[in-house]
Amino acid sequence: MSTDLISALTDLIGPRHVLTGSDMAPYAFDWRQREESHPVAVLRPGSTAEVAAIVRLCAERRIPIVPQGGNTGLVGGTVALKGTGAILLNLGRLNHIRALDAADYTLTAEAGCVLADIQAAAAAADRYFPLSLGAEGTCMLGGNLSSNAGGILTLRYGNARDLVLGLEVVLPDGRVWNGLRTLRKDNSGYDLKHLFLGAEGTLGIITAASVKLYPRPRQIETALVAVPSPAAAVTLLGLARTGTGDSLSAFELMPRFTFDGSREILGRDQDPLSAPSPWYVLLEASSGMAGPTLRGQVEAVLETALEQGLVTDAIFADSMEQQRKLWLIRESLPEIGRKIGGAVHTDVSVPVSRIPDFLAATINAVSAYMPGIRPYPFGHVGDGNIHFNIGRPADMEWPAYLAHAHAISDIVHEQVLAHGGSISAEHGIGNHKAEELARIKDPVELDLMRKVKAMLDPDGIMNPGKVLVR
Ligand code: FAD
């Protein structure tokens, strides 16, 4: 990068916020540490006006821009690809909550607000922001919206996209679109915000958003349930939705490996049930009303399920501490994956009713490909979203296994497509799945996506190499 450009950028946002060389290290990395990031500089603007000024300068000089929030994305979306000459634009200093209107149940916040801080601000006003995921202490609102994050509450409240009322976006030519409306009803033309939600920074930079808040749950019932099979889990899901008046907020499927892996690999014995089961469900139901009704409803559902052989054992959390411990079991799965020295990760979805067939077929297919391989599919089964992860055989070193990673994930994705699913349920496409998307996406849909991209970003400066590669 020319010193002329660095000094022009420095003039815009000050020297402390233009980082080069080793100062870029805290930003220029991939969360999964599977690839290197090569920005020519990291910029940390402090306002929408500064973001717009940077984008205008980059547009004039055709400098590619990679937007970044908390950098917890899992598909390489924030990696500045080698040879592109891109700058990394970190939004972390845009971290103000601009407004919270308890009467309107809305909150307007800047893109760099950490998700947990938004949840806390809503709670302080006796309101609830129902986006929740493992990375919530680090990920940021702009990243959540740009990746259309899912998480554990999607079943009840939808994806990030469903929580947005309005957006402020810096467009690739540097203009600011102020679409920060808080209206629940607004049918005045095309709903442009949906173009930017889930666009992974390829169409513009989200600088702020107005989001929906909800009544804070007064009662949360959490139960760990042993089930004999994924088919039993799916039937239980239907019973629980009906039996609780659709108060179910989370429904996570976990294999036995969760407990065996915790004991053997993390040294944590955390199975509170009396006998081992091949599969488990962690379910949560919530209500805005305090009182015994919800517990009674969930108990009745589980009793019926027990009678029908859909459930073999169950335990309720009787305190917030016990709730935390049950969720810790679910959260230990990614940790086990890291500790076993690497696994092939996938993030896929199929229609909920097809989950049992999909799991059986995919476990068979990957096991036939490599004996000793350790599939441990888990995830947000209430939304049809499975993280079908596959650990290496105990006697195979990671580099040898890594050489098979593409072939293994292709096997999983083949099964996903055969079962009417998507190769990206909630993490997005980034650069990891961009080539594959170009191969498998409906050609008409791809054509429309390319035309939208060309219209908004004709010079292709926004996050090159991500989502759309050709
Ligand atoms: P980043 O990683 O910084 O960016 C993500 C993408 O958005 C990139 O393409 C980036 O260029 C773009 N971007 C970032 N900010 C902006 C902006 N302001 N304007 C335009 N583009 C922007 N995801 C889920 O959906 N559900 C889960 O349950 C879940 N659990 C996770 C658990 C762990 C432990 C980890 C590490 C990740 C998990 N993720 C999950 C993935 C990740 O946390 C989410 O995708 C999250 O929404 C990303 O937010 P971020 O701020 O870290 O975004």
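Let me start with a definition: a residue is buried if 20 or more other C-beta atoms lie within 10 Å of its own, exposed if 12 or fewer, and partly exposed in between, with C-beta atoms placed from the backbone. Arg-16 is a good case to try it on, as it has 8 other C-beta atoms within 10 Å and is therefore exposed.

Hello everyone, and two housekeeping notes before we go on. What you see is a predicted model, where local features need pLDDT of at least 70, side-chain atom pairs count only at pLDDT 80 or more, and totals for chains, interfaces and linings use all residues. Residues are numbered from 1 along each chain as its sequence is written.

Let's take the overall picture. The chain has 15 helices and 19 strands; these are DSSP runs, with helices being H or I of at least four residues and strands E of at least two, numbered from the N terminus. Its radius of gyration is 23 Å, close to the 23 Å from the globule rule for 470 residues, so the chain is as compact as a globular protein of that length. That radius is taken over C-alpha atoms, and the globule rule is 2.2 Å times the number of residues to the power 0.38. If you prefer box dimensions, the C-alpha trace spans about 70 × 55 × 45 Å along its principal axes. By the opening definition, 49% of the 470 residues count as buried.

Now, contacts. Two residues are in contact if their C-beta atoms, placed from the backbone, lie within 7 Å. Among contacts with a separation of 6 or more, 74% join residues 24 or more positions apart.

On to domains, whose bounds come from an automatic or database domain assignment. The chain is given domain 1 (3-90), domain 2 (97-215), domain 3 (219-339) and domain 4 (343-418). The centres of domain 2 and domain 4, taken over C-alpha atoms, are 32 Å apart. Where these two touch, four residues of domain 2 are in contact with four residues of domain 4. On the domain 2 side there are two nonpolar, two polar and no charged residues. For those classes, Ala, Val, Leu, Ile, Met, Phe, Trp, Tyr, Cys and Pro count as nonpolar, Asp, Glu, Lys and Arg as charged, and the others, Gly among them, as polar.

There is also a record to mention. In an unreviewed entry, UniProt lists residues 35-216 as "domain: FAD-binding PCMH-type". UniProt positions are in the numbering used here, feature names are shortened, and annotations may be inferred rather than shown by experiment. In the model, that span is 21% helix and 24% strand, and its end C-alpha atoms lie 41 Å apart.

Next, the ligand. Which residues come nearest to the ligand? Of the 37 around it, they are Gly-69, Gly-73, Gly-77, Gly-142 and Gly-143; here a residue is near a molecule or strand if its C-beta atom, placed from the backbone, lies within 6 Å of it. Strand S3 (65-68), helix H4 (141-146) and strand S10 (205-212) are the elements that give two or more residues to this shell. H4 gives the most, with four residues. By class, the shell has 14 nonpolar, 20 polar and three charged residues. Domain 1 and domain 2 both give residues to the shell, so the ligand lies between them.

Let me turn to the backbone. Most residues other than glycine have a negative phi. Asn-71 has a positive phi, near 60°. Asn-71 lies in the loop between S3 and strand S4 (87-90), and is buried, with 23 other C-beta atoms within 10 Å. Asn-463 also has a positive phi, near 45°. Asn-463 sits in the segment after helix H15 (443-456) and is buried, with 32 other C-beta atoms within 10 Å.

Finally, three residues to click on. Val-170 is in strand S8 (residues 164-170) and counts as buried, with 27 C-beta neighbours inside 10 Å. How far apart in space are Val-170 and Ala-52? They are 118 residues apart in sequence, yet 5.9 Å apart C-alpha to C-alpha. Leaving aside neighbours within four places in sequence, the contacts of Val-170 include Ala-52, Val-55, Gly-204 and Ile-205.

Thr-242, in helix H7 (residues 230-243), counts as exposed, with 11 C-beta neighbours inside 10 Å. Its C-alpha atom is separated by 34 Å from that of Cys-139, 103 residues away along the chain.

And back to Arg-16, in the loop between helix H1 (3-13) and strand S1 (18-19). The C-alpha atoms of Arg-16 and Leu-43 are 9.3 Å apart, with their positions 27 residues apart along the chain. Thanks for listening!
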